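Let's take a friendly tour of a protein model. Have the sequence and the 3D view ready as you read.

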Amino acid sequence: MGLTRKQIIMLAVLVFGTFVTVLNQTVVAPVLPSVMAEMSVDAATAQWLTTGFTLVNAIMIPTTAFLVDRFTTRSLFLVSMAVFTVGSALAAWGPNFGVLLGGRLVQAVGAGILMPLVMTVLMWTFPVSKRGTAMGLFGIVIAFGPAIGPTAAGIIIDRATWHDMFFIIAGLSIAVILVGLFTLERGGETNKDVRLDVPSVILSTLGFGGLLYGLSLIGSYGISIDSAVGTVVGVVGIVAFFRRQLRMDHPMLQVRVLQNRKFLIATIIGMIVQGALLAAGILVPILLQSYMGYSATASGLVLLPGAIIMGAMGPVAGRLFDRHGPRALSVIGTGVLTLTTIAFCFSGPNTTIIGLAILYTIRLFSLSLVNMPITTWGMNALPNDLVNHGTSVNNTLRQVAGSLGTAIIISASTIATNLSAPHIGQTAANFLGIDMAFVVASVLCLIAFGLVVAFVKNKPGEACENDADNARRTVLEAIMKRDVFTLPETAKVSEAMKLLVDKGVSAVPLVNAAGEATGFISDGDIMRNLSKRSTMMMDPIVMIMQMSDADGSNKDFVRKLEALMDMPASAIGSKGIIGVDVHADLPEVCRVLGENHLKKVPVLDDGRIVGVINRSDITHYSMERYLAGRALTRTPDGEESESDDAAGERA
């Protein structure tokens with residue numbers, strides 16, 4: 001990896017610590033049926049173990065920004081892991097549901113701090129040249145947690161108890177703390193002047209927590225004074241929280257970004273999807289274990305393929321988004337999500353476990369087509385100076401929606417079960433409750449599908465709206481190269497090969513009569529096409545050399561090659577093109593290059609190619625700007641400081 005031994009150890013500690021907390025978030029679903037049976041609680045109460053955890057996580061997201069500024073990263077990492085360990089120990093002890101829930105909420109405080117903190121520590125620890133390796137490993141491990149969590153939990157529960165599962169998590173956390181004490185450096189500069197807006201924290205906690213509490217009580221016991229008070233306090237708290245954020249110069253959560261309609265729509269869709277995701281993760285294990293008699297291990301294995309596919313689809317969805325835009329992916333994703341959710345409405349005692357596994361896997365696959373494209377579409381609609389705030393708002397509201405959506409859906413299940421049990425019997429009522437929960441989820445998914453169809457469009461000029469002064473365009477045009485080789489979409493493969501060889505390039509875009517990019521052809525397309533007809537894998541230049549001295553042993557190959565040369569280039573090339581808008585900012589350009597593993601990417605202006613930008617061009621531009629802006633000078637005591645001219649220029 002090119003990392004020192006010390007960096008490798010530090011990376012291992014940080015990543016493993018985060019892995020334990022992520023794993024902890026996904027092991028609870030198979031636990032719920034056992035907890036419900038042992039502690040005699042219904043699904044609406046038991047789901048607090050998941051929704052309460054998610055809600056506290058959401059509240060901690062904006063708070064973490066203050067903590068990172070106020071304390072050193074080493075101290076904050078160790079304290080957050082210690083808090084998480086205490087919560088794990090409480091949950092492991094768990095003599096009653098109150099203690100178990102308390103442990104989960106304490107866990108959530110530590111876990112909510114840890115994820116954004118570790119990202120900061122990795123950026124601080126590793127130089128620019130090694131951050132890609134560190135972040136790549138971090139992403140792989142974090143994606144691995146949700147995949148193995150339910151299965152691992154199921155195996156432990158079947159062979160021991162859910163108490164032992166939390167004891168194992170607590171033990172792993174203690175090991176991380178002990179190793180971290182000796183391997184982590186202080187890191188980061190503290191700012192004692194930074195202040196946390198305590199009223200905002202109180203209002204957000206009362207608002208979101210009160211609403212979740214009220215909805216949960218309604219699901220368990222119907223409408224009562226307690227549920228009404230909780231719901232009213234929640235609504236009033238949320239309204240007061242949003243009003244306070246709008247009035248503050250430096251709000252805890254910059255909710256003004258929701259005034260952007262596209263970002264608002266993207267956030268609402270993401271909130272619905274998150275609620276549907278978490279609710280299904282709770283309902284399916286209850287259906288399998290409590291009502292159909294399967295083991296916790298079987299329940300975890302049903303969830304496993306979908307989790308793996310969803311994790312693996314992240315980068316694939318990114319490439320598809322760059323090639324086809326958000327509309328096609330999100331329409332297909334929300335459409336399939338709605339259909340599979342409706343299919344779950346017909347679950348019953350005769351439903352097979354294989355059928356449920358296939359349905360759940362397809363459902364998570366569809367979610368992967370929605371999450372990334374919709375989030376990116378919404379973030380792209382924000383001006384550059386609001387992107388960071390947009391990320392925080394989007395993450396917070398999605399977490400909150402996951403909690404509230406789950407509470408609503410599980411409450412629907414509990415209400416349907418309780419009302420129907422006297423008439424059709426408890427067993428039939430249990431299945432009816434699950435079906436009614438998915439009916440509610442289907443309605444929410446249908447709303448998301450309608451929002452996508454109505455509002456998510458692929459408009460060529462969208463990026464221009466956020467670049468009214470052409471500042472982004474000016475930067476991109478200063479960096480990009482304007483010499484772009486193209487071919488008409490009617491060109492033959494022979495013309496494409498000649499251009500590739502003559503110009504020494506590996507791929508060229510195909511354009512229509514209006515100059516708009518419609519696809520591209522590369523030397524890889526030519527090789528792949530030939531490999532389907534022959535076992536030979538050759539570079540196009542080598543092919544040409546072989547044509548000149550072809551003998552009897554390769555005459556068949558030459559005939560195949562000649563036949564290929566007469567084919568239209570569009571027949572073997574890729575449809576669509578991955579490019580960046582001329583009004584895109586550099587972070588977006590870097591995302592497209594990085595996620596698609598490209599060295600260069602075309603620059604488009606209303607669909608027409610106006611240039612090409614390379615990774616090296618961006619690197620050189622960034623280095624020049626950094627060096628010009630810093631203008632470092634040495635002080636008498638040997639420390640570096642900015643010159644007055646540089647400081648004035650930056651100000």
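Below we visit a surface patch, two single residues and a pocket.

This is a predicted model, where local features need pLDDT of at least 70, side-chain atom pairs count only at pLDDT 80 or more, and totals for chains, interfaces and linings use all residues. Residues are numbered from 1 along each chain as its sequence is written, and side-chain values use heavy atoms, leaving out hydrogens and water.

Start at the surface, where V198, I202, L206, I225, V229 and V233 form a nonpolar patch with about 540 Å² of accessible area together. Helices α9 (198–221) and α10 (225–247) each give two or more residues to this patch.

Now compare two residues, using relative accessible area: buried means under 20%, exposed over 50%, and partly exposed in between (1.4 Å probe, protein chains only).

| Residue | Helix | Relative accessibility | Class |
|---|---|---|---|
| V233 | α10 | 38% | partly exposed |
| T361 | α14 (residues 353–380) | 12% | buried |

Which residues is T361 in contact with, leaving aside its neighbours within four places in sequence? They are P305, G306 and I309, where contact means heavy atoms within 4.5 Å.

Finally, look for the second largest pocket, which has a volume of about 800 Å³. Of the 31 residues that line this pocket, A507, F520, L598, K600 and P602 are the closest to its centre. At least two lining residues come from each of the helices α12 (296–324) and α20 (523–531) and the strands β2 (507–511), β3 (517–522), β6 (600–605) and β7 (608–614).

Methods
Patches are made of residues with over 30% relative accessible area and no salt bridge: like charges are joined within 9 Å, nonpolar side chains (Val, Leu, Ile, Met, Phe, Trp, Tyr) within 5 Å. Accessible areas come from the Shrake-Rupley method with a 1.4 Å probe; for residues, only the protein chains shown count as cover. A salt bridge is a side-chain nitrogen of Lys or Arg within 4 Å of a carboxyl oxygen of Asp or Glu. Helices (H or I, at least four residues) and strands (E, at least two) are DSSP runs, numbered from the N terminus. On a 1 Å grid over the protein atoms alone, a cavity is a set of points where a 1.4 Å probe fits but cannot get out, and a pocket is an open set with protein on both sides within 12 Å along at least five of seven lines; lining residues have an atom within 4 Å of a point. Grid points are joined across faces, edges and corners, and a volume is the space filled by probe spheres set on the points.
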